Amino acid sequence: MLFDGASLVLYMCGFVVYMANIVKGLRVVSGGKYDVKLVEGEVAVGARGVTGGEEKLLGRDDSLKVLAASNTILALVLVGVLVLQTGQWYAERKQTQEIEQIRKDKTAANKANGSTQRAASAKKKA
């Protein structure tokens with residue numbers, strides 16, 4: 001459950017990064033309209049000291065940097081999902097091996113107890 005929940009959280013982070021930065025960045029790059037509003041109210045707040053009340057749009061270089069950083073973040077998030085899924089597979093495999101070992105040990109112990117009980121009962125009869 002822990003691995004699945006963490007994977008879901010990483011998927012959601014990846015989706016948010018994709019929708020918030022990559023889609024908008026690809027629209028800007030493919031349209032070639034830098035320093036222009038994309039859609040009603042889409043502005044770059046927080047870039048280079050811009051506060052919420054001001055409107056300052058990103059230029060070509062900054063748009064490409066944001067797009068590259070977003071792609072890197074998305075790649076790392078998806079690698080994190082792969083690592084979590086591999087960890088889950090390993091944990092399940094290890095647990096299965098331990099359960100099989102315990103069963104083998106119990107079976108061997110039962111057989112040993114059964115043979116000693118038979119030997120004891122044979123001695124009592126003799």
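I began with the surface: the accessible area of the protein comes to about 9600 Å², and 62% of that belongs to carbon and sulfur atoms. I note that this is a predicted model.

Next I looked up burial. The protein has 126 residues, of which 14% count as buried.

I then checked the secondary structure, which comes to two helices and zero strands. For contacts with a separation of 6 or more, I found that 60% are between residues 24 or more positions apart.

I turned to helix H1, residues 2–31, and asked what its 30 residues should span. At 1.5 Å a residue the expected figure is 44 Å, and the end C-alpha atoms are 42 Å apart, so the two agree.

I also looked for a bend in H1 and found one of about 35° at Tyr18. Tyr18 turned up again on the surface, where it helps make a nonpolar patch of about 600 Å². I listed the other residues of that patch as Leu8, Met12, Phe15, Val16 and Met19. I looked up where Val16 sits, and it lies in helix H1.

Which residues of H1 are buried? I have Ser7, Gly14 and Val17 on the list, together with Ile22, Gly25 and Val28. Val17 is thus buried, while Val16 and Tyr18 belong to the nonpolar surface patch.

Last, I checked what comes after the helix. Gly32 follows H1, and its phi is positive, near 70°.

Terms used. Residues are numbered from 1 along each chain as its sequence is written. This is a predicted model: local features need pLDDT of at least 70, side-chain atom pairs count only at pLDDT 80 or more; totals for chains, interfaces and linings use all residues. Side-chain values use heavy atoms; hydrogens and water are left out. Helices (H or I, at least four residues) and strands (E, at least two) are DSSP runs, numbered from the N terminus. The expected span of a helix is 1.5 Å times one less than its number of residues. The bend at a residue is the angle between axes fitted to the seven residues ending there and the seven starting there. Buried means under 20% relative accessible area, exposed over 50%, partly exposed in between (1.4 Å probe, protein chains only). Patches are made of residues with over 30% relative accessible area and no salt bridge: like charges are joined within 9 Å, nonpolar side chains (Val, Leu, Ile, Met, Phe, Trp, Tyr) within 5 Å. Accessible areas come from the Shrake-Rupley method with a 1.4 Å probe; for residues, only the protein chains shown count as cover. A salt bridge is a side-chain nitrogen of Lys or Arg within 4 Å of a carboxyl oxygen of Asp or Glu. Contact means heavy atoms within 4.5 Å.
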